[in-house]
Amino acid sequence: MASSEPSDASPVPRALPSDLTQSPGTVSHLRRYVSLRGPNARMWMAAAYFSAALTLGFFAVVGSLLWEIFFTDHGAGALSLWTAAALVMAFIGPGSNVFLVRGLPQRITRQGISADSDGIIVLQERKWWFPGEGTFIPWPEIRRVREVHVGGRRPTYFIEFVLDTHRTDAELPSWAENAQALGLAEEPEAATQFYVQVPQGRKEHILRMVERTAPLPDLVERMPPLR
């Protein structure tokens, strides 16, 4: 006969999609994804290869300098020339690597906006030493998702998220913009309002994705087309 006493085992807590260290504990339906990784990722990769080549050049120059010092009858002019070349190469070779190595994972990692039956995720995935950034927004918290453009002839496009719940800056990705920084009007009734820059060609894809997965497609607002 089975015991009627309650079990001491507590249920395993579900991992939220915003927990970047784990995958969600349940399967959500209608999952869709739009990548926002653009040409900047390729530019950073090209810069990394170029910086690596410069670093190899630095070691070649240092090797030539040591050869001049220890194995040839070097003159003062030749020694000064190789020393100056080594200092210049140290700055543009290993020096540039310090900057590139720190920021490269964040620039080339998979990033974008996904939507499913639970809500929306704005995410930069973790890669190497970059821990990842992102936020999960359940559908009941979202008041509006809207397209916004800033600028005249060559506008920059953003997706605006207006929430009924408060989020601190630490809870939002560092690449999310606020209305004040973009010179846009703030909505006083919104608890949180932030913007994500998107390529023009991906803007409509994101809006359609939200319409197809949101419980209420009226969440999406579009601006009049530019003339």
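1. Which residue lies over the face of Trp128? That would be Lys127, at 4.9 Å from the ring centre. Before going further, bear in mind that this is a predicted model.

2. Staying with Trp128, have a look at the backbone: its phi is near 55°, a positive value in a residue other than glycine. Trp128 belongs to the loop between strand 3 (119-124) and strand 4 (133-138). With a relative accessible area of 53%, Trp128 counts as exposed, because the cut-off for that class is over 50%.

3. On to the ring pairs. The structure has two aromatic pairs. One joins Trp128 and Trp129, whose centres are 5.7 Å apart with 35° between the planes, and this pair is tilted. Trp128 and Trp129 are both exposed.

4. The other pair is Phe161 with Phe194: centre to centre they are 5.1 Å apart, and the planes meet at 20°, so this one is stacked. It links distant parts of the chain, with Phe161 in strand 6 (residues 156-163), Phe194 in strand 7, and the two positions 33 residues apart. Are these two rings buried or exposed? Phe161 is buried, and Phe194 is buried too.

5. A further charge-over-ring contact involves Tyr33. Arg110 sits over the face of Tyr33, at 3.9 Å from the ring centre.

6. Now the sheet that holds the Phe pair. Four strands make up an open sheet, ordered 7-6-5-8, and the pairing is mixed. Strand 7 and strand 8 (220-221) are the edge strands; each has a single partner strand, so one side of each has no neighbour in the sheet. As a reminder, strands of a sheet pair through backbone hydrogen bonds, either parallel or antiparallel.

7. How many bridges hold strand 6 and strand 7 together? There are seven, and the two strands run in the antiparallel sense. For a specific register to check, take Leu163: its bridge partner in strand 7 is Thr192.

8. If you are thinking about pockets, start with the largest pocket, which has a volume of about 600 Å³. Its lining has 18 residues, and those nearest the centre are Leu36, Gly38, Asn40, Gln111 and Gln197. By character, the lining splits into eight nonpolar, seven polar and three charged residues.

9. Where does the lining of the largest pocket come from? Helix 1 (39-71), helix 3 (94-108) and strand 7 (192-198) each put in at least two residues. Helix 1 gives the largest share, with four residues.

10. The second largest pocket holds about 330 Å³ of space. It is lined by 18 residues, and Asp169, Asn178, Ala179, Thr192 and Gln193 are the closest to its centre. Thr192 is worth a second glance on screen, as the bridge partner of Leu163. Here the lining divides into seven nonpolar, six polar and five charged residues.

11. As for which elements line the second largest pocket, helix 4 (179-182) and strand 7 each supply at least two residues. Strand 7 has the largest share, three residues.

12. One thread to follow, then, is strand 7. It carries Phe194 of the stacked pair, stands at an edge of the sheet, and supplies at least two lining residues to the largest pocket as well as three to the second largest pocket.

How values were computed: Residues numbered from 1 in each chain as written. Predicted model: local features only at pLDDT ≥ 70, side-chain atom pairs only at ≥ 80, totals over all residues. Heavy atoms only, no water. 1 Å grid on protein atoms, 1.4 Å probe; cavity = no way out; pocket = protein on both sides within 12 Å on 5 of 7 lines; lining within 4 Å. Points joined across faces, edges and corners; volume = space filled by probe spheres on them. Nonpolar A, V, L, I, M, F, W, Y, C, P; charged D, E, K, R; others polar. Phe/Tyr/Trp six-rings, centres within 6.5 Å; stacked < 30°, edge-to-face > 60°. Buried < 20%, exposed > 50% of the residue type's maximum accessible area, 1.4 Å probe, protein only. Lys NZ or Arg CZ within 6 Å of the ring centre and 35° of its normal. Pairing = 2+ DSSP bridges.
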